[in-house]
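Colleague: I've got this one open on my screen and I'd like to talk it through with you. Can you walk me through what the model shows?

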Amino acid sequence: MHPLMLHQTCNLGPIRAVTASVTATAQGCEAEFRLDGKIPAIILPPAVAPVRRDNLWKTTCFEIFWQPLGGTWYREFNLSPSGCWAAYDFDSFREGMRDAPVDALAISCVHDDEGLVLKASIAAELPAPAQVALNAIVEHPDGGMQFWALAFPPGKPEFHSEACRQLIIER
């Protein structure tokens with residue numbers, strides 16, 4: 001598991017640590033995200049039938065950004081504790097956004113008062129080697145947000161930046 005860092009503009013709040021991992025598979029990838037802290041003190045979207053849905057990043061969710069090494073295009077996955085998900089392709093930094101093809105995506109999420117674990121199995125074409133980002137967004141009841149990533153570019157939290165893609169994934 002890789003530790004994620006809290007963006008410098010965010011207050012610590014009830015979540016004290018976030019870790020994540022991703023592994024390439026023959027079908028796509030497997031990912032795991034862990035929140036450690038006071039889970040009842042954050043906003044968790046309620047479990048629903050898993051469907052593709054936009055705007056998941058507006059509340060607590062997890063993200064994977066996957067960019068082929070040397071390429072300009074990248075794929076973004078949004079994974080919600082609710083079971084919903086989204087996947088987008090971009091031609092370059094925030095340009096050419098469109099739904100990405102996904103063969104299958106399954107999310108499991110369990111939590112108690114002290115922690116949350118979300119696991120995702122993604123079947124989609126994911127070229128390797130790739131540079132990958134793992135991110136978390138945590139919403140607080142007062143509407144405040146925490147942004148967690150492997151790394152951040154200078155300035156505001158910007159998950160689309162290549163600076164966040166700190167892992168090199170190979171098959």
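**Talking through the fold**

Modeller: Sure, let's start with the running order: from the N terminus on, the elements of the protein chain go β-β-β-β-β-β-β-β-β-β-β-β. Keep in mind that this is a predicted model.

Colleague: How many helices and how many strands does the protein chain have?

Modeller: The run of elements reads β-β-β-β-β-β-β-β-β-β-β-β. In numbers, the count for the protein chain is 0 helices and 12 strands.

Colleague: What radius of gyration does the protein chain have, and what would a compact globule have?

Modeller: The C-alpha atoms fill a box of roughly 40 × 35 × 30 Å along the principal axes. For 171 residues, a compact globule would come out near 16 Å, and the chain agrees with that, at 15 Å.

Colleague: What share of the residues counts as buried?

Modeller: For the outside, the accessible surface is about 8100 Å², and 53% of that belongs to carbon and sulfur atoms. For the inside, the cut-off for buried is under 20% relative accessible area. Of the 171 residues, the share that counts as buried is 51%.

Colleague: Among contacts between residues at least 6 apart in sequence, what percentage joins residues at least 24 apart?

Modeller: Val18 gives an example of a long reach: Val18 and Ala149 are 131 residues apart in sequence, yet their C-alpha atoms are 8.8 Å apart in space. For the whole chain, the percentage of those contacts that joins residues at least 24 apart is 58%.

Colleague: Let's stay on Val18, then. Is it buried or exposed?

Modeller: Val18 is in strand 2, residues 15-24. Setting aside neighbours within four places in sequence, Val18 is in contact with His2, Pro3, Leu4, Arg34, Leu35, Ala136 and Trp148. Its relative accessibility is 1%, so Val18 counts as buried.

Colleague: And Glu114, is that one buried or exposed?

Modeller: Glu114 is in the loop between strand 8 (104-111) and strand 9. Not counting residues up to four places away, Glu114 touches Leu35, Asp36, Gly37 and Ile39. Its C-alpha atom is separated by 17 Å from that of Ala136, 22 residues away along the chain. With a relative accessible area of 55%, Glu114 is exposed.

Colleague: Now the charges. How far apart do the centres of the positive and negative sets lie?

Modeller: The chain has 13 positive and 20 negative side chains. The centres of these two sets lie apart by 1 Å.

Colleague: How many salt bridges does the structure hold?

Modeller: Side chains of opposite charge can pair when their charged atoms come close. One of the pairs here is Arg98 with Asp91, at 3.0 Å from N to O. The total number of salt bridges is 4.

Colleague: Arg75 and Asp89 meet in a salt bridge, so which strands are they in?

Modeller: Their side chains meet at 2.6 Å, N to O. The pair links distant parts of the chain, 14 residues apart, with Arg75 in strand 5 (residues 74-79) and Asp89 in strand 6. Arg75 is buried, and Asp89 is too.

Colleague: Which residue forms a salt bridge with Glu158?

Modeller: Glu158 counts as buried, at 10% relative accessibility. Its salt-bridge partner has its closest N atom 3.0 Å from the O atom of Glu158, and that partner is Arg94. The pair links distant parts of the chain, 64 residues apart: Glu158 is in the loop between strand 11 (145-149) and strand 12 (167-169), and its partner in the loop between strand 6 and strand 7 is Arg94.

Colleague: What phi does Arg94 have?

Modeller: Arg94 counts as partly exposed, at 46% relative accessibility. Arg94 is not a glycine, although its phi is positive, at about 55°.

Colleague: Where is Asn55 found, given its positive phi?

Modeller: Asn55 has a phi of about 65° although it is not a glycine. Asn55 is partly exposed, with a relative accessible area of 41%. Its place is the loop between strand 3 (28-37) and strand 4 (61-68).

Colleague: Last one: is the peptide bond from Ala128 to Pro129 cis or trans?

Modeller: Pro129 is found in the loop between strand 9 (115-123) and strand 10 (130-139). Omega for the bond from Ala128 to Pro129 is near 5°, and the bond is cis.

Terms used:
Residues numbered from 1 in each chain as written. Predicted model: local features only at pLDDT ≥ 70, side-chain atom pairs only at ≥ 80, totals over all residues. Heavy atoms only, no water. Helix = DSSP H or I, 4+ residues; strand = E, 2+ residues; numbered from the N terminus. Rg over C-alpha atoms; globule rule 2.2 N^0.38 Å. Buried < 20%, exposed > 50% of the residue type's maximum accessible area, 1.4 Å probe, protein only. Contact = heavy atoms within 4.5 Å. Areas by Shrake-Rupley, 256 points an atom, 1.4 Å probe, with all protein chains shown as cover. Lys, Arg positive; Asp, Glu negative; His and termini not counted. Charge placed at Lys NZ, Arg CZ, Asp CG, Glu CD.
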